[in-house]
Amino acid sequence: MVIALDIVSKILHKMADKLDEITKQVSKGVRVPASAKLNVGGLKLKSGCQLTVGEQSQVLASIIFDKENASISIGHRSFVNGVLIAAQSIDVGNDVLISWNVTVVDHDSHSIVFSQRSQDAVDWLTSKKDWTPVKIAPVKICDKAWVGFNSIILKGITIGEGAVIGAGSVVTKDIPAWTVAAGNPARVIREMSEDER
């Protein structure tokens with residue numbers, strides 16, 4: 001009995017050392033200055049991922065890295081709520097507002113071809129994921145943009161400088177700078193005048 005407990009103790013110590021090593025590797029990829037706030041409880045990292053938050057930004061969003069070596073960058077003085085999900089990269093500029101319940105995602109999650117996604121649920125049981133058939137493209141939200149609540153920003157989208165996205169929009173195409181866009185799919189409603197910039 002004593003021998004069995006000794007073996008279990010050694011195994012637990014090795015597991016704790018491994019967990020500590022993984023934690024140190026993961027935390028290396030997070031850069032948040034003292035002047036910024038980050039919802040640490042909503043952070044899900046993978047190996048090699050990078051999260052950078054600029055000065056005086058508030059990140060209340062859940063930050064989820066679905067794939068190793070992905071990156072999320074948030075500029076200075078930005079407010080980010082909702083959820084950001086990255087398999088490659090999401091870039092949020094300076095002075096950006098992202099309201100509550102907004103989803104920003106840089107991939108399709110699954111293939112549209114059933115035979116290519118048929119094992120996805122089973123693979124998750126063993127923490128595996130075949131990204132080969134999944135479309136991935138970076139998302140960029142430029143400086144001074146504002147994304148209204150309950151909006152969805154899909155893969156490959158660039159939201160131009162100062163653009164405003166109306167609440168509940170689904171953004172499937174790039175939005176030009178200094179325009180107001182809304183709807184599902186979002187379309188440009190009007191261009192902002194010089195005195196609105």
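Me: Two strands pair if DSSP finds at least two bridges between them; which residue of strand 15 stands opposite Thr103?

Reply: This model is predicted, with local features needing pLDDT of at least 70 and side-chain atom pairs 80 or more, whereas totals for chains, interfaces and linings use all residues. Numbering runs from 1 along each chain as its sequence is written, and side-chain values use heavy atoms, without hydrogens and water. Strand 12 (residues 103-105) and strand 15 (residues 152-153), strands being DSSP E runs of at least two residues numbered from the N terminus, pair in the parallel sense over 2 bridges. Opposite Thr103 in strand 15 stands Ile152.

Me: Which are the edge strands of the open sheet?

Reply: The open sheet is formed by 6 strands with parallel pairing, in the order 3-6-9-12-15-18. Pairing on one side only marks the edge strands, strand 3 (43-44) and strand 18 (170-171).

Me: Which residues form the stacked aromatic pair, and where do they lie?

Reply: The structure holds 1 aromatic pair (ring centres within 6.5 Å, with planes under 30 degrees apart counting as stacked). Its rings lie 4.5 Å apart, centre to centre, with 10 degrees between the planes. One partner is in the loop between strand 11 (97-98) and strand 12, the other in the loop between strand 14 (146-147) and strand 15, 49 residues apart. In that order, the partners are Trp100 and Phe149.

Me: Why does Trp100 count as partly exposed?

Reply: Partly exposed covers relative accessible area between buried (under 20%) and exposed (over 50%), with a 1.4 Å probe and protein chains only. Phe149 is partly exposed because its relative accessibility is 35%. Trp100 counts as partly exposed because its relative accessibility is 48%.

Key:
Pairing = 2+ DSSP bridges. Helix = DSSP H or I, 4+ residues; strand = E, 2+ residues; numbered from the N terminus. Phe/Tyr/Trp six-rings, centres within 6.5 Å; stacked < 30°, edge-to-face > 60°.
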